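Trainee: I should like to learn how to read features in a structure that is new to me. May we work through some cases together?

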Amino acid sequence: MRLADKIKDPFKKSLLVSFLSHLGLVLFLYLNGHFFFNNDEVIIKNAIQVDLVALPDKAKPQAKPKVKKAAAKKPSLKKKPKFNKKDQSSALKSLKAMSAIEKLKKQQQQQAERIQKITQALAEQKLKKGNIVNKTNSLTGLDRIKMNQFYEAVRIKVNTNFFVPSFLKNQQLSTKVLLKIASTGVVLSKTISQPSGNDIFDQAVMTSIDKASPLPAPPDRLKRRLEIEGFILGFPE
Amino acid sequence: MKLLIAIFLLFSSASYANDGKIYISVGQAKSKKSLLAFPLFNQYGTKIKSNSTLATELYQTVKNDLTVVGLFQLIDPDAFLEDTSKTGLRPYPTDASGFSFKNWMPIGAEFLIRAGVKIVAGEVILETYLYYVPQAKLVFGRKYNTKKSMARELAHKFSNDVVQALTGKKAMFNSKIIVTGKKGNGPKELYLMDWDGNNKVKMTNHKNLAISPAISNDAKMIAYTSMAYHRKAKTRNADLFIKPVKGKAKLFSYKKGINSGASFHPNGSDILMTISQAGNADIYQVDLTTKKTKRLTKGPRNAMNVEPTVSPDGTTLAFSSDRSGRPMIYIMPMNSKKAKRITFAGRYNASPSWSPDGKKIAFAGFDKGHFDIFIVNKSGFNLVRLTSAKKTNGKWANNESPTFSPDGRFIMFASNRTGKKQLFIVDTEGNNERQITKDEYSYEKPKWSGHLD
């Protein structure tokens, strides 16, 4: 403020105030963002690319635009011009004119084709016909497959070891377990997040996890998450 | 390219339940039988031979019950680490000379039954304890007593209690079977027996034919058809007899033609059967007291509608009919004549039997030259074959006349796989098949009563 007071010019004064307040605002926002927000890398969770799929069309020959046909017909219907000098120049003129028209028509046609191609390309991007798989984004394609393979491997390993006494067979019991595993697949902690109400069933659930341990190693993208946040196993669903 | 990204962003989504955590369903478990340690009953009181024999018989009754029900794997007594005749029925320190769970855990026992029998003044006292070994916990302890003549029922009651304590639903151990039996060249007569083939009692003595038996739910009455001689007409006719189990048989329905295929209505006051007097073999509902008839099926012409059986809730009739050209299973609401065909496969489907929950029907179906037992939902879906056996000569055996147990766990049927027709049971998934009778008789058309305890 002292500095501002020294400058007598009111315009320069307000300019300085404005500059300093903007600088302060920028500093404030930067520091806020730096210290109070997460620096963790953003994990793209479960991104799904959905293609609208339709049944394939029957293969058809490409439809020719109508303009072409009409242009082809016309010359044959015209009468042959009488041959004389006057006619010759007029004939030449008309020929030139015709070629010019044809040129224009050709240009129009080409443009129409180009537009058609573009719109078709755009439409195809929205609608996939037949058994065409969309080229997925590299961020989710391979990693997605690895994740699904991991889930399936865990499901199979635990299910193979999941036995329940016959006398509990028809009792519709279900339990959920929160599991945390290391990057090698070793079980770090297991806790029942939703008990079934039947001790023996819950015991059978925990035993199946013990027998299935160590679980398959998770893919890189999931390692940290499964170690810290963990995941839930539903018995039977 | 821009469009592509725009669409990609539009459809990207994180869609896990459970507050964003990854969720994996493990799927259904496989079931395994529980290891049961079942040492002999301790015997208390005067040690005389007849008491000892009875105690052993009771033990064998329970042992058979618990083996058949398919929930347990009995541990060989040779593996026991304790001499149970010397230890009390309760654990130490509750009982100073009690047993120790430390002797039962190492052999892998999941359940342990400790029981003792005392026979005094014509009365049997059974003291029982069921333990869950991994948690050294008592599941239940109960004392039973009855007169000596009802000792087997007592043992069956205990078995039912064990099954009920663990599954929530008691088993069929106290129930009866009525069946047609024939010995050698003798006549076909009716026999009443316990579900396990014991206590066999002859019910009829017509000395010609007593067939198509039925038993009331409370096992107090039986019905059957016999070729009685009509003096006026001077011919024999297939007449229906009803007999209280502890009384004399009485002629009930003797209309000209067939009076057969009877079954008791769950309400206990009516009986259903096929009567052909009106020209067509149709199903009638007859009041047991007034004998008033109510016609339930009406043709079509020349069709035979037989083997009626009413669903446990009394609303739907199941029967066999050849109206389509071949005998098939039909169901029909009791108050309408609109029959719905539920079997389409095969050439000859007959003998329907309702499951106690009214959801499924077991029947005998003819396929590739022999009969097998099938089970189907009353909607006609989920058709499953339950039996498939070969005789000793390598040919396919006939498995016929299914009848559901009162707890819905088993189906009893007659099979000729051993040469003679004997009674077998199988569970509703086609597993735990077991022979029940093992004698020189030939049995047909068994019918299972309801729960008797």
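Mentor: The following turns take a strand residue, a core and a helix in order. This is a predicted model, in which local features need pLDDT of at least 70, side-chain atom pairs count only at pLDDT 80 or more, and totals for chains, interfaces and linings use all residues. Residues are numbered from 1 along each chain as its sequence is written, chains are lettered from A and ligands numbered from 1 in the order in which they are written, and side-chain values use heavy atoms, with hydrogens and water left out.

Trainee: Is Ser34(B) buried or exposed?

Mentor: Buried means under 20% relative accessible area, exposed over 50%, and partly exposed in between (1.4 Å probe, protein chains only). Ser34(B) has a relative accessible area of 0%, so this residue is buried.

Trainee: With which residues is Ser34(B) in contact, beyond its neighbours within four places in sequence?

Mentor: Contact means heavy atoms within 4.5 Å. Those partners include Pro165(A), Phe167(A) and Phe72(B).

Trainee: Which residues have the most contacts inside the largest nonpolar core?

Mentor: Such a core is a set of buried Ala, Val, Leu, Ile, Met, Phe, Trp, Tyr and Cys residues joined through side-chain atoms within 4.5 Å. The largest has 77 residues, and those with the most contacts inside it are Phe231(A), Leu233(A), Phe235(A), Phe41(B) and Phe72(B). Apart from it lies another core of 13 residues, Tyr284(B) among them.

Trainee: Which residues of α2(B) are buried?

Mentor: Among them are Leu54(B), Leu58(B) and Leu66(B). Just after α2(B), Gly70(B) adopts a positive phi of about 80°.

Notes:
Helix = DSSP H or I, 4+ residues; strand = E, 2+ residues; numbered from the N terminus.
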